[in-house]
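Please find below a colleague's note on the structure, set out as numbered points. Each point may be read beside the displayed model.

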2 protein chains.
Amino acid sequence: MTTLPPMIHVVDDDESLRTALLRLLGAAGFEARGYASTGDFLLQPPPDRPGCLLLDVRMPGPSGLDLQATLRCQSNPLPVVFLTGYADVTASVRAMKAGAVDFLTKPVEREALFEALQRALDRDAAQRVARAEAERLRAAFAALTPRERAVFDRIVAGQINKQIADTLGIAERTVKLQRAQLMAKLGANSAAELGRLAERLQHLPD
Amino acid sequence: MTTLPPMIHVVDDDESLRTALLRLLGAAGFEARGYASTGDFLLQPPPDRPGCLLLDVRMPGPSGLDLQATLRCQSNPLPVVFLTGYADVTASVRAMKAGAVDFLTKPVEREALFEALQRALDRDAAQRVARAEAERLRAAFAALTPRERAVFDRIVAGQINKQIADTLGIAERTVKLQRAQLMAKLGANSAAELGRLAERLQHLPD
DNA sequence: GAGACTATTGGACGAAAGGGCAATGGAGCT
DNA sequence: AGCTCCATTGCCCTTTCGTCCAATAGTCTC
């Protein structure tokens with residue numbers, strides 16, 4: 001899994017500002033791409049690649065806040081930094097409550113912008129790691145048969161094989177077999193690891 | 001552990017507004033208390049009691065943001081809702097980044113205020129549950145001797161008693177004893193539970 | 001030094017876990 | 001029916017776990 005360099009998506013209807021931002025970001029070593037509107041960005045779905053968004057708030061058509069709300073519903077949303085010319089407290093609070101990394105006002109200082117974008121990229125990287133981890137976990141559990149899953153639940157509940165066999169109405173030998181199978185599927189080498197997996201699974205968004 | 005009803009701490013230098021807010025909150029069934037300044041609030045440290053803060057931003061002396069920053073450093077900070085008469089995007093973003101529940105502007109609508117305060121109280125309740133849980137966990141682990149802790153680490157790493165005895169340079173018999181002791185101290189009945197505890201401990205802020 | 005206390009160890013026993021081998025029985029396919 | 005495939009089970013064996021009683025060595029207190 002080769003990690004692509006991150007890309008910053010700049011959505012602003014002011015073309016001169018947009019190109020200036022792209023040039024500034026490019027000069028700083030960032031890969032960046034511009035979009036004249038929310039629709040432009042949604043029409044060109046970027047490949048699943050590390051990055052973040054730099055959004056204007058007020059634009060003809062859907063606003064930056066609308067775009068943020070839309071992206072939040074999808075599976076792998078990129079972190080958002082807002083950059084607006086209008087001092088709108090309501091919008092800023094709404095954006096931050098919706099998870100924006102920062103909400104900057106034009107004219108923006110170079111350092112403030114870069115600092116915010118870097119935080120957004122860091123957050124994206126962290127989210128990617130966490131999502132990949134969650135995905136692996138989910139896939140591993142999805143590979144379990146219903147019976148294996150039932151045995152798993154009772155193991156982590158502290159039951160011993162005999163009790164599990166009893167409550168499930170199957171032979172203890174079968175429990176042992178399914179126990180070995182589920183541990184193999186989950187890549188666990190001990191009951192303690194099963195407990196750790198159970199705890200992590202429980203705390204996954206679902 | 002009897003849960004006291006939550007209290008809303010209103011910090012605002014405008015006395016007429018403050019009393020109006022207290023009356024409004026009282027009429028809505030909230031327990032509320034007023035403070036004329038940040039210093040007043042800090043001088044009267046409220047007992048550790050469920051609640052939240054309703055803060056003005058601009059006040060003579062330390063601002064609401066200063067108070068928020070100070071409270072964030074203590075162990076059990078109450079959630080903060082800001083209520084300000086000045087439309088200051090910079091302040092609102094700073095407040096939200098620092099974890100404020102909401103940032104409202106005067107004049108505020110009744111429902112918006114109550115909704116924000118309710119969210120703050122809900123967050124406080126959730127934080128209290130999480131903190132109590134974390135505290136219990138930490139206390140349980142603090143009761144372990146260094147040797148028991150070492151054995152615990154190796155158990156959750158998947159080592160069996162014989163290996164643990166070998167790496168620690170002690171007899172297997174001793175490992176068994178310490179294993180039983182640490183499980184008793186942690187209230188665990190199975191290796192799987194030890195794994196769960198290890199996972200939870202790892203994700204505690206520390 | 002005597003006594004108390006803790007940590008550690010040895011030996012031993014029953015229960016449980018892990019796994020190999022073979023048999024059973026049902027579902028599905030030819 | 002004949003066949004394979006797979007889940008289930010019984011039997012047996014070894015290893016590990018959990019726990020009993022007893023004993024040793026070291027530390028701390030009086």
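1. In this predicted model, chain A contains an open sheet of 5 strands, arranged in the order β2-β1-β3-β4-β5 with parallel pairing. The strands β2 (31-35) and β5 (102-105) of chain A lie at the edges; each has a single partner strand, so one side of each lacks a neighbour in the sheet. From one strand to the next, the twist averages 20°.

2. Within the sheet of chain A, strand β3 (residues 51-55) and strand β4 (residues 80-84) run parallel and are joined by 3 bridges. A:Leu55 has A:Phe82 of β4(A) opposite to it. Helix α1 (residues 15-27) of chain A packs on this sheet, where it touches β1 (7-11), β2, β3 and β4 of chain A. The direction of α1(A) makes about 170° with that of β2(A).

3. Helix α1(A) should also be considered together with helix α5 (residues 110-142) of chain A: their axes come within 12 Å and cross at roughly 70°. An angle from 65 to 115 degrees counts as roughly perpendicular, and α1(A) and α5(A) are therefore described in that way. On the side of α1(A), the residues that meet the other helix are A:Leu21, A:Leu24 and A:Leu25. Their counterparts in α5(A) are A:Arg110, A:Leu113, A:Phe114 and A:Leu117. The residues of this contact divide into 6 nonpolar, no polar and 1 charged.

4. In chain B, 5 strands likewise form an open sheet, with the order β2-β1-β3-β4-β5 and parallel pairing. Its edge strands are β2 (31-35) and β5 (102-105) of chain B, each of which pairs on one side only. The twist in this sheet averages 20° from one strand to the next.

5. Strand β1 (residues 7-11) of chain B runs parallel to strand β3 (residues 51-55) of chain B, and 5 bridges join the two. B:His9 has B:Leu53 in β3(B) as its bridge partner. Two helices that pack on the sheet of chain B may be noted here. Helix α4(B) touches β4 (80-84) and β5 of chain B, and its direction makes about 155° with that of β5(B). Helix α5 (residues 110-142) of chain B touches β1, β3, β4 and β5 of chain B, and its direction makes about 140° with that of β3(B).

6. How much area is buried between chain A and chain B? The value is about 2,000 Å², of which carbon and sulfur atoms give 61%. The contact involves 23 residues from chain A and 24 residues from chain B. Of the area that chain A buries against chain B, 29% is supplied by A:Val89, A:Arg196 and A:Glu199, more than by any other three residues.

7. How do the axes of helix α4 of chain A and helix α4 of chain B cross? The two helices, each spanning residues 89-97, have axes that come within 9 Å and cross at roughly 20°. Angles under 35 degrees count as roughly parallel, so α4(A) is roughly parallel to α4(B). The crossing of α4(A) and α4(B) is right-handed. From α4(A), the contact is made by A:Val89, A:Ser92, A:Val93, A:Met96 and A:Lys97. From α4(B), it is made by B:Val89, B:Ser92, B:Val93, B:Met96 and B:Lys97. These residues divide into 6 nonpolar, 2 polar and 2 charged.

Notes: Residues are numbered from 1 along each chain as its sequence is written. Chains are lettered from A and ligands numbered from 1 in the order in which they are written. This is a predicted model: local features need pLDDT of at least 70, side-chain atom pairs count only at pLDDT 80 or more; totals for chains, interfaces and linings use all residues. Side-chain values use heavy atoms; hydrogens and water are left out. Axes are lines fitted to C-alpha atoms, for helices over the stretch in contact, and angles run from 0 to 180 degrees between N-to-C directions. Helices (H or I, at least four residues) and strands (E, at least two) are DSSP runs, numbered from the N terminus. Angles under 35 degrees count as roughly parallel, over 145 as roughly antiparallel, 65 to 115 as roughly perpendicular and the rest as oblique. A crossing is left-handed if the near helix is turned anticlockwise from the far one by less than a right angle, and right-handed if clockwise. Contact means heavy atoms within 4.5 Å. Ala, Val, Leu, Ile, Met, Phe, Trp, Tyr, Cys and Pro count as nonpolar, Asp, Glu, Lys and Arg as charged, and the others, Gly among them, as polar. Two strands pair if DSSP finds at least two bridges between them. Buried area is the accessible area (1.4 Å probe) that two parts lose on being put together, summed over both.
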